[in-house]
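Trainee: Could you take me through one part of this protein up close? I'd like to look at the sheet and what packs against it.

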Amino acid sequence: VELTGQVKQVRNQLNQCIAELRAEHPAFLQESISCESIQGKIPGTDTALMSVCVTEFGTVVWILFHRDTGSETGQQVHAMKSMFVYPDFKREDLVDLNSLWTQCCNALKVSSRTADDIVAFEKGLHAILKTLYKAIFQEMDSILLKHGIRRVVLAPHGFLHVLPLHMMPDQDHRQMLDKYE
């Protein structure tokens, strides 16, 4: 319920900003942007756009499929769930992972780094990515595979954008890069 209120508040703020921008620059966003218009621009039924945002209330993941995805199975895209909320993975969890990431990166900044430093970095990075996969991406992975998605355009927000999410290992130890373009 709190998250819904937050989303409404942010949406109102966004609409207010857009109105102010349009008042000063009438050409800005002349046409409304909708999920349907974005879905029409996704290049094929094997491609999905996925946005991930971690907040103080949990993680929100949006997946947009091409509007014809699932049509061969008779499943309508508008009926497919495209927003997922993970209330158990919050910004505070990301702070812990960020701290671990900082430790990993600091190990590589040493001018006389050794093979042990590189191994420590790789182990730390693997731990971070494995945690994220279990907390957020495992369900997304199965949904993408279920719908025949081979190409993912990932839009991570905040700290997530600095991580090499394409290297995230799944439960079979395969990296996401090996599964998706």
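Mentor: Sure, here is the sheet strand by strand, followed by the helices beside it. Keep in mind that this is a predicted model.

Let's get our bearings before zooming in. The protein has five helices and four strands, and from the N terminus the elements run α-α-β-β-β-α-α-β-α. Of its 181 residues, 33% count as buried. If you take the contacts between residues at least 6 apart in sequence, 66% of them join residues at least 24 apart.

Now the sheet. It is an open one of four strands, in the order β3-β2-β1-β4, and the pairing is mixed. The edge places go to β3 (83–86) and β4 (151–156); each has a single partner strand, so one side of each is left without a neighbour in the sheet. Going from one strand to the next, the twist averages 20°.

Start with β1 and β2, which make a hairpin with two residues between them. Strand β1 covers residues 47–55 and strand β2 residues 58–65; they run antiparallel and are joined by eight bridges. To see one of those pairs, find Ser51: its bridge partner in β2 is Trp62.

Trp62 is a handy place to step across to the next strand, as it also stands opposite Met83 in β3. One residue back, Val61 stands opposite Phe84 of β3. Over the whole pairing, β2 and β3 are antiparallel and share four bridges. How covered is β2? Mostly: seven of its eight residues are buried.

β3 is worth a slow look for its side chains. In a regular strand, side chains alternate between the two faces of the sheet. Here, Phe84 and Tyr86 point to one face and are buried, while Met83 and Val85 point to the other and are not buried.

Next, the helix on the sheet. α4 lies across β1, β2, β3 and β4, and it runs at about 20° to β2. That same α4 (residues 115–146) also packs with α3 (residues 91–109): their axes come within 8 Å and cross at roughly 160°. An angle over 145° counts as roughly antiparallel, so that is how α3 sits relative to α4. The crossing is left-handed.

Which residues make that contact? From α3 they include Leu94, Leu97, Trp101, Cys104 and Leu108, and from α4 they include Ile118, Phe121, Leu125, Ile128 and Leu132. Sorted by class, the contact of α3 with α4 has 14 nonpolar, two polar and one charged residues. Asp117 of α4 is among the contact residues too.

Finish with Leu163, which sits in the loop between β4 and α5 (176–179). Is Leu163 buried or exposed? Its relative accessibility is 6%, so Leu163 counts as buried. Leaving aside neighbours within four places in sequence, Leu163 is in contact with Trp101, Ile128 and Leu132. You have met those three already: Trp101 of α3, and Ile128 and Leu132 of α4, take part in the contact of the two helices. Leu163 also lies 8.6 Å from Leu125, C-alpha to C-alpha, with their positions 38 residues apart in sequence.

Terms used
Residues numbered from 1 in each chain as written. Predicted model: local features only at pLDDT ≥ 70, side-chain atom pairs only at ≥ 80, totals over all residues. Heavy atoms only, no water. Axes fitted to C-alpha atoms, helices over the stretch in contact; angles between N-to-C directions. Parallel < 35°, antiparallel > 145°, perpendicular 65-115°, else oblique. Left-handed = near helix turned anticlockwise from the far one by under 90°. Contact = heavy atoms within 4.5 Å. Nonpolar A, V, L, I, M, F, W, Y, C, P; charged D, E, K, R; others polar. Pairing = 2+ DSSP bridges. Buried < 20%, exposed > 50% of the residue type's maximum accessible area, 1.4 Å probe, protein only.
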